[in-house]
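Hello,

I am handing over the structure we talked about, and my notes on it come right after. Please have it open while you read.

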Amino acid sequence: MLDVPNTTEKSFADGKILKSVTEGVGVITFNNPDKRNAMSLDMWEGLGHALIELRDDGEVRVVILTGAGDKAFVSGADISQFEKTRHNAQASEEYSRRSAAQRALLADFPKPIIACIRGFCLGGGMQVAMAADIRIASENSQFGIPAAKLGIAYGYDGLKHLVSLVGPSQARLLMYTGMRIPSAEARRIGLVDRVVPDAELWDATMEIARTISNNAPLAIKAAKITIAQVLKDRTDRDMDAIKQIGLACMDSEDFREGRRAFMEKRKPQFRGH
Ligand code: COA
């Protein structure tokens, strides 16, 4: 089992999405281990509620997404719902519409998100993991997008993330074959950022989360906004947003605190303004 602290404060989707806050780090757990944490529409909605609460919680500076149990992060969309919710183009449109708000929340989330991945990370699980800012995986994980094995199309957002992480050629290889690749290969092609031994996954993820949460929130926000704009087409880029967050940083109390702490040889205490 992943050593996630047992401090669930709230649950959504009949307990299939858990939310907790520990040391200023928000944790969302996909909790349907019997189905390898396959994502139902209810879970998408629950994920949305949990994200909104963590977004609006001033104590939370970074969020970790993880899967319950030791077998999977998320094994994809819940295929058992497909006969009812995604059996044709019209139903699929409705399915996309119902999860669109939650996907947008994930895409526009203002704080860093880390995906902590153990076991299977497939299909919709990849979509969630790729929407995170950073991916840390245990050695025994497996990654893949078996859309071609099911006969479904993987949407624009997911493929955009995939192409930007691994490039068009590796994206084609993964999509055309539907193959599953192990962590080492995922690391090699840039799908995940760090691979650690299974027993160290939670501590390694928390260490990165803690480091982020001790840093200056505005500077992190500036990096997040700027990197997101770099990934957009030139014509869609909001250069003004980059400029405004840059100015806010340079005028911030935290920048003053960062300078002082350096000169006084002490740890800075950042407040986010
Ligand atoms: N949707 C619905 N149920 C799923 C699921 C999914 N995406 N992934 C796993 N499950 C269910 C299985 O049906 C099984 O249910 P059962 O116990 O009632 O038979 C249970 O989870 C355990 O899965 P099982 O296949 O027995 O476990 P495994 O460890 O041998 O294999 C996977 C795990 C994830 C590799 C395999 O279940 C799988 O290939 N799942 C589908 C992955 C997929 O195509 N995802 C993309 C969807 S778009």
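Below are some notes on the ligand site, the two sheets and an aromatic pair.

This is a predicted model, so local features need pLDDT of at least 70 and side-chain atom pairs count only at pLDDT 80 or more, while totals for chains, interfaces and linings use all residues. Residues are numbered from 1 along each chain as its sequence is written, and side-chain values use heavy atoms, with hydrogens and water left out.

Let me start with the ligand. It is surrounded by 15 residues (a residue counts as near if one of its heavy atoms lies within 4 Å), and the closest are Asp-34, Arg-36, Ser-75, Ala-77 and Ile-79. By class, this shell has eight nonpolar, two polar and five charged residues (Ala, Val, Leu, Ile, Met, Phe, Trp, Tyr, Cys and Pro count as nonpolar, Asp, Glu, Lys and Arg as charged, and the others, Gly among them, as polar).

Three of the polar contacts (pairs of N or O atoms within 3.5 Å) are worth a look. Ala-77 places a backbone N or O atom 2.9 Å from a nitrogen atom of the ligand. Arg-36 has a polar side-chain atom 3.1 Å from a ligand oxygen atom, and for Asp-34 a backbone N or O atom lies 3.3 Å from an oxygen atom of the ligand. Taken alone, the ligand exposes 860 Å², of which the protein buries 59% (Shrake-Rupley method, 1.4 Å probe).

Now the sheets. Strands are DSSP runs of E with at least two residues, numbered from the N terminus, and two of them pair if DSSP finds at least two bridges between them. Seven strands make an open, mixed sheet in the order S1-S2-S3-S4-S6-S8-S11. S1 (10-12) and S11 (194-196) each have a single partner strand, so one side of each is left without a neighbour in the sheet. S1 and S2 (residues 17-22) run antiparallel and are joined by three bridges, with Ser-11 standing opposite Leu-18.

The other open sheet, also of mixed pairing, has four strands in the order S5-S7-S9-S10. Its edge strands are S5 and S10 (181-182). Two bridges join S5 to S7 (residues 120-122), and these two run parallel; Val-74 stands opposite Cys-121.

Finally, the structure holds one aromatic pair (ring centres within 6.5 Å; planes under 30 degrees apart count as stacked, over 60 as edge-to-face and the rest as tilted). Phe-30 and Phe-73 are edge-to-face, 5.6 Å centre to centre with 75° between the planes. Phe-30 is in S3 (residues 25-30) and Phe-73 in S5 (residues 72-74), 43 residues apart.

Best wishes

Key
A polar contact is a pair of N or O atoms within 3.5 Å; within protein, one must be able to donate a hydrogen and the other to accept it, and residues adjacent in sequence count only if both atoms are side-chain atoms. Rings of Phe, Tyr and Trp (its six-membered ring) pair if their centres lie within 6.5 Å; planes under 30 degrees apart count as stacked, over 60 as edge-to-face and the rest as tilted.
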